[in-house]
Amino acid sequence: MRDHGGNIDGAIARFGGENWIDLSTGINRVPYPIPTLRPEDWTMLPTQTAKQALLDVAAAAYRCTAPMLAVAGAQAAIQMIPRLGKPGRARVLGPTYNEHGASLRAAGWKVEQVSQFGQLIGADLAVVVNPNNPDGRCFAPADLLVLAGQVGRLVVDESFADAQPELSLLPEVTPRNVLVLRSFGKFYGLAGVRLGFVIGSAEDIAALDEMSGPWPVSGAALRIGTVALADGAWAKATVRRLRAEVDQADALAVQAGWQLVGGCELFRTYETPDAETAQIRLAKRQIWSRIFPYSNRWLRMGLPGNSDEWTRLTSVLEG
C-alpha cells in the first residue's frame, strides 16, 4: 500500500496504548453532526431524485454552475480521470498527494513530478492540488485558467479548499479541458461517508458518470451530504474556528523548535530537526502524526478536536 496518513491501526500495533488522537490526516476532528437517517436511506437503492438533490445543494455551496458528478470520495475520481483519454505525458506538481501520480501510471501514463508551476506547461495532462497537500502552496484561479490553455487537460484538486473559497475555480467559467475535484469528508469531518465531487465539461462528466456506474454513492451518503452542504451557518462557524486554531498550533510548534513549512486550515506541516524522532515522541503519548518518505524533517499534523486533545498536544510539545 502507498504511504498515507490515517494508518492509526499500525500506530496502535507498534506503540500500544488506548485513546489515540489521530492527527495524521487533514480530516476535521469536529465533524458535522450526522442527521437522522430514514429507513429508506439504507433499504432502497439511491434514487435519481436524491442524487439530484445533493447535486443542487453542492452546486450552491460551491458556487458552481458547471456539470457535476457525486462519487465515492475524491479518490474515486482520481482513479477514473486517467481513463478519460489516451495515455500521454502527465505532469504532477509536487510533492503532493501520491494517488494522482499512481493512478495515472496505472492507466499507462508517463508521469513526471515537477516542483515549479511553470514546468506543467506542455503536458498532455497536468495536476495541481490547491491548496497543496502537504506544503499548503496556493495558486490563484487566474493563473490556473492561463495554465489550462497551455496543457491538454488540467486537473485541479480542491479537496482542502473549503476554508479558502477564493482559491476555487468553480465560480469561474472554466475551460472545457478543466476538471475540478472536491472532497466532502475532510472539511465536514466525515471521511467514512466516502463522498466527493468532480466538476467539468458535460462531455467529461457524462463519461465519468458512465464509468462510475448507476449507484456510486450510498443512500446514507446522499442524505448526509445534502443536509450538511446546505448548512452554511455551520460551515462559516467552522472556518472561523479553524482559522483561530491554526495560530494556536503554530505557536505550539514554535515552542517545540519547529518551523512552519505551510498548510491550510485543516493541517499544518512543520520542519523539525528529525521527523521520525518527533513522530515517536508524539506517539508515545498516543498522538499520531504524519511523516513523509521524501523528507526526513517534515511532519504534518491535523488539528485537535477538543480541549482535552489540545491539552495533551500542548503537554507533549511544551515538555
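Q: Angles under 35 degrees count as roughly parallel; on that footing, what makes α9 and α11 roughly parallel to each other?
A: In this predicted model, helix α9 (residues 232–255) and helix α11 (residues 307–318) pack at an angle of about 25°, and their axes are 8 Å apart. An angle of about 25° falls under the cut-off of 35 degrees, and α9 and α11 are therefore called roughly parallel. Their crossing, for its part, is left-handed.

Q: Why is α3 called roughly parallel to α8?
A: Helix α3 (residues 48–61) packs against helix α8 (residues 219–229) at an angle of about 30°, with 9 Å between the axes. Because about 30° is under 35 degrees, α3 counts as roughly parallel to α8. As for handedness, α3 passes α8 in a left-handed crossing.

Q: What makes strand β5 mostly covered?
A: Strand β5 spans residues 125–129, and 5 of its 5 residues are buried, a term that requires a relative accessible area under 20%. The side chains are divided between two directions, since Leu125, Val127 and Val129 point one way while Ala126 and Val128 point the other way, and the residues on both sides are buried.

Q: How do you know that β3 and β5 pair, and in which sense?
A: Pairing asks for at least two bridges between two strands, and strand β3 (residues 89–93) and β5 are joined over 3 bridges, in the parallel sense. One specific contact is that of Val92, whose bridge partner in β5 is Val127.

Q: How do you know that β5 and β6 pair, and in which sense?
A: Between β5 and strand β6 (residues 153–157) there are 5 bridges, again to be set against a requirement of at least two, and the sense is parallel. Here Val128 has Val156 of β6 as its bridge partner. Between these two strands the chain passes through helix α6 (residues 141–148), and the β-α-β crossover that results is right-handed.

Q: What makes β9 and β12 edge strands?
A: The open sheet in question has 4 strands in the order β9-β10-β13-β12, with antiparallel pairing. β9 (259–264) and β12 (290–292) each have a single partner strand, so one side of each is left without a neighbour in the sheet. On average, neighbouring strands of this sheet are turned by 25° against each other, direction ignored.

Q: How do you know that β12 is joined to β13?
A: There are 3 bridges between β12 and strand β13 (residues 295–302), which run antiparallel, and the criterion for pairing is at least two. Within this part of the sheet, Phe292 stands opposite Ser295 in β13.

Q: Why do Cys138 and Cys264 not form a bond, given the distance from each sulfur to the closest cysteine sulfur?
A: A disulfide needs two cysteine sulfur atoms within 2.5 Å, whereas the cysteine sulfur closest to that of Cys138 belongs to Cys264 and lies 7.9 Å away, too far for a bond. Seen from Cys264, the closest cysteine sulfur is that of Cys138, at 7.9 Å. By this rule the count comes to 0 disulfides.

Q: Why is Cys138 called partly exposed?
A: Its relative accessibility is 38%, a value between the limit of under 20% for buried and that of over 50% for exposed, and therefore Cys138 counts as partly exposed.

Q: Is Cys264 buried or exposed, and why?
A: Cys264 has 3% relative accessibility, and because this is under 20%, Cys264 counts as buried.

Q: What makes the phi of Asn19 noteworthy, and where is Asn19 placed?
A: Asn19 has a positive phi of about 60° although it is not a glycine, and its place is the loop between α1 (8–15) and β1 (21–22). With a relative accessibility of 60%, over the limit of 50%, Asn19 counts as exposed.

Q: Why is Arg63 called partly exposed?
A: The relative accessible area of Arg63 is 44%, which is neither under 20% nor over 50%, and so Arg63 is partly exposed. Arg63 is found in the loop between α3 and β2 (68–71), and its phi is near 55°, a positive value in a residue other than glycine.

Q: Which peptide bonds to Pro95 and Pro134 are cis, and what is omega in each?
A: The bond from Gly94 to Pro95 is cis, with omega near 5°, and Pro95 lies in the loop between β3 and α5 (99–106). Asn133 and Pro134 are likewise joined by a cis peptide bond, with omega about 20°, and Pro134 lies in the loop between β5 and α6.

How values were computed
Residues numbered from 1 in each chain as written. Predicted model: local features only at pLDDT ≥ 70, side-chain atom pairs only at ≥ 80, totals over all residues. Heavy atoms only, no water. Buried < 20%, exposed > 50% of the residue type's maximum accessible area, 1.4 Å probe, protein only. Right-handed = clockwise from strand over helix to strand, strands pointing away. Axes fitted to C-alpha atoms, helices over the stretch in contact; angles between N-to-C directions. Parallel < 35°, antiparallel > 145°, perpendicular 65-115°, else oblique. Left-handed = near helix turned anticlockwise from the far one by under 90°.
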